[in-house]
Each structure stands twice: as structure tokens, then as C-alpha cells.
Amino acid sequence: VINLLEQLMTRWIFFKGDEILTQGEPGDSLFMISMGALEVLQNGHHLCHLGSGDLFGELGALGISKTRTASIRCKDICDVYVLSKEALRYLLGLHPTAQEALRQLATVRMRSDVERSSEKHILLHCPLFQQSSRKFLDRISEHMEDRLFMEGEDLCKQGEKGDTMFILVKGILDVFVWKEG
């Protein structure tokens, strides 16, 4: 597996001040930091630091976002490995447990992006809750779980037990109702 990974990855070296990714630009590769320190910026504001062992670019590599949601700038010399979207799909097909870990990372980062871009409580964007109190929304939020669905995946299927409410935060979905006969 390690040999295959090494064959599929490209090694890039960046210097202090280099911008590896630019917010808003297209991108679909996954980046893995071997060495160095990077700064994550969104709309010009510092979000966090990344270092050895961290990943970034997962939203583009998984096909969730066609453009970069943040800029990544080197704080010193950085040794970074890059994996194309196609190579990532191939590897994830061989190792489904790695796919779930990457999806969880993407889910956490998407939630952070949504919370930063939303001035109000996320549930206030749902017409059902627009007149609700903040306290009520906070209580509901305690019981919510974030889920990331990839293109082509089913959220639910007709005929299944309906004990879950879905709130679409980002994306587009199609609803199909199958009629008998």
C-alpha cells in the first residue's frame, strides 16, 4: 500500500510566504503535509495553523466543492505531498475505512465553514424554525448530527421507517416518489 501511495503522489516543496491554495480558485487535489507550518485564511482572516501530518484540500478532492474554501500560506519551508482526485478515488476504493475518516474530516470543516459564514443560528435558515427562540434552537442543535452525503448517495429511501428529519445546509438534492403500478 505504501509503495502504491508513493507512486500516486507528487512531492512539492514550498517556501515561506508561498500560497499553496487560493480561496475561490478551482481545485480537486488532496494535500498532505510532511514537514512545515501553514496558515489557513478565509476571506483574509486567520482560521488556524496546520503542520506535519495534517491534510487539506479534502473538500475539493472529494468533489464536495469545486473551488477552494480557504487560502493556505506557508509560514516556513514546507514539504507537501499531493494526491489527485482520481488517485484518491482509486485508493479509497481499495480502503473504504480511509474514506470514512476523510469524510468525517470534510464534515467537520464544512460545519465550521457554514458556522463562520452564518451570522445567525444555522437553523434560522430553515423556514420551519425562523420564528423560534435561540434557546429552543440551541436545544435542538444539541441533538443534531452532521452528515455528509456524496453525489449519488441516498439520504433516505421510500418505505423506510421515517424517524429522522433532514435539514439541507448546503447542496442540491433530487426527490423521487415511486408510485405503485
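**Stop 1: the second largest pocket**

Select strand E4 (38-42), strand E5 (45-50), helix H2 (58-61) and helix H4: each supplies at least two residues of the lining of the second largest pocket. Keep in mind that this is a predicted model. H4 spans residues 96-117. H4 also gives the most to this lining, with 5 residues.

Now show the full lining, 22 residues. Val40, Glu58, Thr69, Ala70 and Arg109 lie nearest the centre of this pocket. Colour the lining by class: 10 residues are nonpolar, 7 polar and 5 charged. The pocket volume is about 350 Å³.

**Stop 2: Glu58**

Stay with the residues nearest that centre and pick Glu58. Glu58 is found in helix H2. Is Glu58 buried or exposed? Its relative accessible area is 3%. The cut-off for buried is under 20%, so Glu58 counts as buried.

Which side chain does Glu58 join through a polar contact of 2.8 Å? Show Arg109: its side chain is the partner. Arg109, like Glu58, is listed among the residues nearest the centre of the second largest pocket.

Expand the selection around Glu58. Leaving out residues up to four places away in sequence, Glu58 touches Leu30, Leu102, Leu105, Ala106 and Arg109.

**Stop 3: the E4–E5 loop and His49**

Move to Asn43, in the loop between E4 and E5. Check its backbone: phi is positive, about 55°, although Asn43 is not a glycine. Asn43 is exposed, with a relative accessible area of 59%.

Follow the chain into strand E5 and select His49. How far is His49 from Asp28 in space, C-alpha to C-alpha? Draw the distance: 21 Å, for a pair 21 residues apart in sequence.

His49 has 47% relative accessibility and counts as partly exposed. Set aside its neighbours within four places in sequence, and His49 is in contact with Leu38, Glu39 and Lys75.

**Stop 4: Glu19**

Jump to strand E2, residues 19-21, and select Glu19. Its relative accessible area is 34%, and Glu19 is partly exposed.

Which residue does the Glu19 side chain reach in a polar contact of 2.6 Å? Show the side chain of Thr22 to see the contact. Beyond four places in sequence, Glu19 touches Ser71, Ile72 and Arg73.

Then draw a line from Glu19 to Arg103, C-alpha to C-alpha. The two are 84 residues apart in sequence and 25 Å apart in space.

**Stop 5: the largest pocket**

Clear the view and show the largest pocket, with a volume of about 1,900 Å³. The elements that give two or more residues to its lining are helix H3 (85-94) and helix H4 (96-117). H4 gives the most, with 5 residues.

The lining has 47 residues. Which of these lie nearest the centre of the pocket? Label Leu148, Phe149, Leu155, Leu168 and Leu173. By class, the lining divides into 26 nonpolar, 8 polar and 13 charged residues.

**Stop 6: helix H3**

Isolate H3, residues 85-94. Colour its buried residues Lys85, Ala87, Leu88, Leu91 and Leu92. Turn the view to look down the helix axis. The buried residues of H3 fall within an arc of 155°, so they line one face of the helix.

Why do residues three or four places apart point the same way in an α-helix? The reason is that such a helix has 3.6 residues a turn.

Now rotate to the other side. Which exposed residues does the face of H3 turned away from its buried side carry? Select Glu86, Arg89 and Gly93.

**Stop 7: the whole chain**

Zoom out to cartoon. The protein chain has 5 helices and 8 strands. Trace the elements from the N terminus: α-β-β-β-β-β-β-α-β-β-α-α-α.

Align the view to the principal axes. The C-alpha trace spans about 55 × 45 × 25 Å along them.

Colour by accessibility: of the 181 residues, 32% count as buried. Last, load a contact map. Among contacts between residues at least 6 apart in sequence, 71% join residues at least 24 apart.

Definitions and conventions: Residues numbered from 1 in each chain as written. Predicted model: local features only at pLDDT ≥ 70, side-chain atom pairs only at ≥ 80, totals over all residues. Heavy atoms only, no water. 1 Å grid on protein atoms, 1.4 Å probe; cavity = no way out; pocket = protein on both sides within 12 Å on 5 of 7 lines; lining within 4 Å. Points joined across faces, edges and corners; volume = space filled by probe spheres on them. Helix = DSSP H or I, 4+ residues; strand = E, 2+ residues; numbered from the N terminus. Nonpolar A, V, L, I, M, F, W, Y, C, P; charged D, E, K, R; others polar. Buried < 20%, exposed > 50% of the residue type's maximum accessible area, 1.4 Å probe, protein only. Contact = heavy atoms within 4.5 Å. Polar contact = N/O pair within 3.5 Å; in protein donor to acceptor, adjacent residues only side chain to side chain. Arc of directions from axis to C-beta.
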